[in-house]
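Biologist: I'm new to this one. Could you show me the structure and take me through a few spots?

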Amino acid sequence: MMGVDIGTTSTKAVLFTSDGKVAAGQSAGYPLASPTPSTAEQDPDDIYRAVKIAISHTMAESSINPKDLMFISFSSAMHSVIAVDSMDKPLTKSITWADNRSEPYSERIKHDMNGHDIYLRTGTPIHPMSPLTKILWLHGEKREIFNRTAKFIGIKEYVFHKFFGEYIVDYSIASATGLFNLENLDWDDQALDAAHISPDRLSRPVPTTHTIHGLPVPLARELGIAAATPFVVGASDGVLSNLGVNAIKPGVLAVTIGTSGAIRTVNEKPLTDPKGRTFCYALTEKHWVIGGPVNNGGMIFRWVRDQLGSKEITQANEAEKDPYDLLTEAAEKVAPGAEGLLFHPYMAGERAPLWNANARGSFFGLALHHTREHLIRAVLEGVIFNLYSVQLALQELIGVPKSIQATGGFARSALWRQIMADIFDQEVTVPESFESSCLGAAVLGMYAVGTIESLDVVQHMVGATYKHQPNPENVKIYEELMPIFLSISRKLGIDYDRIAAFQKKHLEDI
């Protein structure tokens, strides 16, 4: 069985045996164009080619008989928008989740269009990431393109149309648009009115288990598969990551830190936050993933490496080591809490829990006794403090979690894993599966084609590589610092807007 994950920087295809073991896998990358600080676009045809390359190369690597491939099931990044005309030609690039050009329109929806009511029904916080705000931005700033658009679609919809000639969107991706009513499982009238569109300009919503057969024979040959191979539409990468790390039971959190980060748990019914801090996206009609995404994860550690880690970079080159390992060793020399130094990691704006694209990073408590090593430790702790602030919002909705499944590049660092266990005051387990979204897609595919009756089978496929218990002494230190961390970001809301306006003005002058 094959899981395919269409991500922000690459597409991965992984072939699994029925017990979840990896048999083969390949990936193909593509660039992210950012000609301005607010722009983040990709060529949809680059991504389509990458999907074909990843599938065909995985099949070639495996050498299996194409008839032995049970199905291909898909995962995809959320929130992308592509405008296509009546001839199915793209009028725009794929506008990704990271594109912030619609920020003024998200504010308009919040304040002038009953944005909070729309959020409560659709589960997607009002933010520039959402297709709702992107479509409104196209209406306001690119009217000629808006008027010529026959469909507003996401990248997975684009790929499936290339494969099968029809526009369908799974409930999971649809639930991340800000346009989909979670209770009715259909497009939301008020959200459509806000975006100035009718339902016929969007794809047809289908369950995440929706399956299509009959790939054109020439395309099947190009992919190295049988034309009769079932294609399962699948879901979004976030919810499938939860499934792929066995975090689908109530009270189990999946915490991911890659370039960005997220914290998610599963509920049996749609659940939104009266304060608007969390998302709610579909996995199946009986599995709803609630949580919050953060912009600032591993990219902040990369900033530390580039701006503060020249010494470690030189040493790593000489010793053939990873500079991140050396930076972590430097942070380990500093006691938990960095002797009263806090870092707010909002260097790329922030989604949850602030939902403020103008938020900015800061060190607080800096004193003469602090060294470069304190700065490094404070950054690692600040990323986890921020994720924990999202957990506090979740806790108001579902109660205290029982355990944490931690994934992403950060999980390679024993120090960072222990910081998470101490700040969350929970056991942290690192699952054995590193291709969680692909495995989640494969398990959902098994459910879709009827080879399993429950998604719980994933618990037999996912092992554990590391476990960390919270250190009681460290927990006390972080419990003392956390209220200060929260208080600062709440007080700086207006000043975030002011400093962001200053930066935008002077960057434009440059």
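Modeller: Sure, and keep in mind that this is a predicted model. Let's start with Leu 185, which sits in the loop between strand E10 (180-181) and strand E11 (186-187).

Biologist: Why is Leu 185 called partly exposed?

Modeller: Its relative accessible area is 21%. Buried means under 20% and exposed means over 50%, with partly exposed in between, so Leu 185 counts as partly exposed.

Biologist: And what is positive about Leu 185?

Modeller: Its phi, near 55°, and this is a residue other than glycine. Most residues other than glycine have a negative phi.

Biologist: Where is His 196 found?

Modeller: In the loop between helix H8 (189-195) and strand E12 (204-206). His 196 also has a positive phi, near 65°.

Biologist: What makes His 196 partly exposed?

Modeller: The relative accessible area of His 196 is 40%. Partly exposed lies between the cut-offs of 20% and 50%, so that label fits His 196.

Biologist: Which residues gather in a patch of negative charge on the surface?

Modeller: Asp 322, Asp 325, Glu 329 and Glu 332. The last of these, Glu 332, lies in helix H13 (residues 323-332).

Biologist: How do you know that Glu 332 counts as partly exposed?

Modeller: Exposed would take over 50%; Glu 332 has 49% relative accessibility, so it counts as partly exposed.

Biologist: What kind of peptide bond joins Ala 352 and Pro 353?

Modeller: A cis one, with omega about -5°. Pro 353 is in the loop between strand E19 (342-344) and strand E20 (362-364).

Key:
Residues numbered from 1 in each chain as written. Predicted model: local features only at pLDDT ≥ 70, side-chain atom pairs only at ≥ 80, totals over all residues. Heavy atoms only, no water. Patch = residues over 30% accessible without salt bridge, like charges linked within 9 Å, V, L, I, M, F, W, Y side chains within 5 Å. Areas by Shrake-Rupley, 256 points an atom, 1.4 Å probe, with all protein chains shown as cover. Salt bridge = Lys/Arg side-chain N within 4 Å of Asp/Glu carboxyl O. Lys, Arg positive; Asp, Glu negative; His and termini not counted. Charge placed at Lys NZ, Arg CZ, Asp CG, Glu CD. Helix = DSSP H or I, 4+ residues; strand = E, 2+ residues; numbered from the N terminus. Buried < 20%, exposed > 50% of the residue type's maximum accessible area, 1.4 Å probe, protein only.
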